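Please read the following briefing alongside the sequence and the model. It moves from the overall make-up to strand pairing, single residues and the confidence of the prediction.

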Amino acid sequence: MKNIQKNKVILCLLLFLTVDTYSQQGIQFTQYIFNSMSINPAYTGYKEAWYGQLGMRSQFSGWEGAPYSGSLTVDGVLGGADKRHGVGLQLSSDRFGAESAVDAYANYALRLKLSDDGAERLSLGIAAGLTQYGLNGNKFQSDELDDQLVPEDKVSTTRPDVRLGAYYHNPHWFVGLSVHNLFAGTRNEEDSQFVQTSLGNTSSNPQGYLMAGVLLPLGEGIMLRPSFLIGEDFDQPTTLDLSSVLIFNDKLWAGAGYRTRAYWFTQPGNVSTPSTRVRRSSSLNAIFLFAVNSKFRVGYSYDHQLVNSVSGGRSGSHEVTLGVSFGKETASRRYF
């Protein structure tokens with residue numbers, strides 16, 4: 001029992017340090033700034049081209065059971081010249097120690113033209129999908145027989161989810177608002193038992209996201225793209241992402257970001273506990289994207305945790321993305 005409790009404490013501390021828990025899956029990836037469909041379903045079809053993106057993220061490399069995430073998104077537009085309908089599919093997989101989460105969503109966005117040329121639009125989006133949470137009891141060791149905290153084998157539960165969003169953009173700025181986990185609070189007995197057995201990362205509250213950014217010309221062939229993202233579920237700490245990227249001749253994107261978590265709307269019972277201090281952890285990241293040509297994009301980012309009390313120096317997170325445009329249209333000159 002002591003070993004399993006110790007393992008769970010260490011895993012929980014690492015989980016809080018990663019900043020990216022399963023309960024706020026929308027910001028698993030730092031490079032969401034290049035493709036925000038996983039955060040806001042109304043973003044679907046924004047690039048006005050059939051576009052696929054593969055992403056992989058590794059955190060705390062060198063730790064056994066360290067977090068690992070993978071994602072695949074594909075989206076495009078229908079509706080002829082008006083490009084009125086955005087459709088897409090997103091798949092993701094997260095693994096952290098004995099826990100895992102796999103989800104699949106189908107996205108749709110109604111893209112309303114607010115200008116004759118369609119450069120200014122208001123999109124209303126919905127995503128429907130399923131998430132399977134798993135826990136592998138074989139990866140734990142207990143000093144006691146019949147330990148109720150340790151499942152004998154693999155256990156899992158599947159939850160439906162619906163996400164809603166609105167997204168406005170023009171050539172100069174954008175703003176988006178979305179809500180995830182709308183089926184929160186409808187768990188059955190099996191789901192409740194799973195949450196008690198697991199580390200408790202399946203959120204029980206809806207999560208809201210507010211994002212916005214601008215595009216600022218600095219000179220010939222150089223633009224600055226600052227943006228922010230706020231995530232809130234009124235239970236876990238609020239997440240704030242700030243990023244700023246320089247774009248050189250539509251070929252190279254290079255920038256930096258800052259991510260922090262703090263209790264803005266809901267205060268814990270004891271604000272001085274170690275758990276609370278870890279929950280307020282923050283990180284810095286470096287972001288790069290290179291357009292190989294009009295069809296292919298390659299991105300890389302590195303996150304460095306500013307709070308590193310239990311990571312043993314292994315605080316870095318590496319992330320790689322590959323984006324591909326299909327068909328005649330390309331995703332070039334789409335900066336949001």
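Two strands are said to pair if DSSP finds at least two bridges between them, and strands themselves (E, at least two residues), like helices (H or I, at least four residues), are DSSP runs numbered from the N terminus. In this predicted model, strand 4 and strand 5 (residues 121-136) run antiparallel and are joined by 15 bridges.

Local features need pLDDT of at least 70 and side-chain atom pairs count only at pLDDT 80 or more, whereas totals for chains, interfaces and linings use all residues. Residues are numbered from 1 along each chain as its sequence is written, and side-chain values use heavy atoms, with hydrogens and water left out.

**Overall make-up**

- The protein contains 3 helices and 15 strands, and 50% of its 336 residues are buried, where buried means under 20% relative accessible area, exposed means over 50%, and partly exposed lies in between (1.4 Å probe, protein chains only).
- With contact taken as heavy atoms within 4.5 Å, 62% of the contacts between residues at least 6 apart in sequence join residues at least 24 apart.
- About 15,200 Å² of the protein is exposed, and carbon and sulfur atoms supply 60% of it; these areas come from the Shrake-Rupley method with a 1.4 Å probe, and for residues only the protein chains shown count as cover.

**Strand pairing**

- Strand 3 (residues 85-96) pairs with strand 4 (residues 99-113) in the antiparallel sense over 12 bridges, with glycine 86 having alanine 109 in strand 4 as its bridge partner.
- The hairpin of strand 3 and strand 4 has 2 residues between the strands, and glycine 97 takes a positive phi near 60° there.
- On the other side of the pairing between strand 4 and strand 5, lysine 113 has arginine 121 in strand 5 as its bridge partner.
- Strand 6 (residues 154-169) and strand 7 run antiparallel and are joined by 6 bridges, forming a hairpin with 3 residues between them.
- Strand 7 is also joined to strand 8 by 8 bridges, again in an antiparallel arrangement.
- Serine 178 in strand 7 stands opposite glycine 165, and its bridge partner in strand 8 is tyrosine 209.

**The two faces of strand 7**

- In a regular strand the side chains alternate between the two faces of the sheet.
- In strand 7, Phe174, Gly176, Ser178 and His180 point to one face and are buried, while Trp173, Val175, Leu177 and Val179 point to the other and are not.

**Residues in strands 6 and 15**

- Arginine 163 lies in strand 6 and counts as buried because its relative accessible area is 6%.
- The side chain of arginine 163 makes polar contacts with the side chains of tyrosine 105 (3.2 Å) and histidine 180 (3.4 Å); a polar contact is a pair of N or O atoms within 3.5 Å, of which, within protein, one must be able to donate a hydrogen and the other to accept it, and residues adjacent in sequence count only if both atoms are side-chain atoms.
- Valine 162, also in strand 6, is buried because its relative accessibility is 19%, and among the residues it touches are Ile126, Val179 and Phe183.
- Threonine 321 belongs to strand 15 (residues 316-326) and is buried at 5% relative accessibility, with a side-chain polar contact of 2.7 Å to the side chain of glutamine 31.

**Nonpolar core**

- A nonpolar core is a set of buried Ala, Val, Leu, Ile, Met, Phe, Trp, Tyr and Cys residues joined through side-chain atoms within 4.5 Å, and in the largest one, which has 22 residues, Tyr167 and Trp253 touch the most other members.
- The elements that give two or more residues to this core are strand 8 (207-214), strand 10 (222-232), strand 11 (238-248) and strand 13 (282-291).
- Tyrosine 167 has contacts that include Tyr43, Leu122, Phe174 and Phe336.

**Confidence**

- The mean pLDDT, which is the predictor's confidence in each residue from 0 to 100, is 80 for the protein, and 71% of the residues reach 70 or more.
- Among the elements, helix 1 (residues 2-18) has the lowest mean pLDDT (43) and strand 7 (residues 173-180) the highest (97).
- Over residues 196-201 the pLDDT is below 50, and this stretch has 18 contacts in the model beyond near neighbours in sequence.
- Where pLDDT is low, the predicted coordinates should not be read in detail.

Methods: Lists of a residue's contacts leave out its neighbours within four places in sequence.
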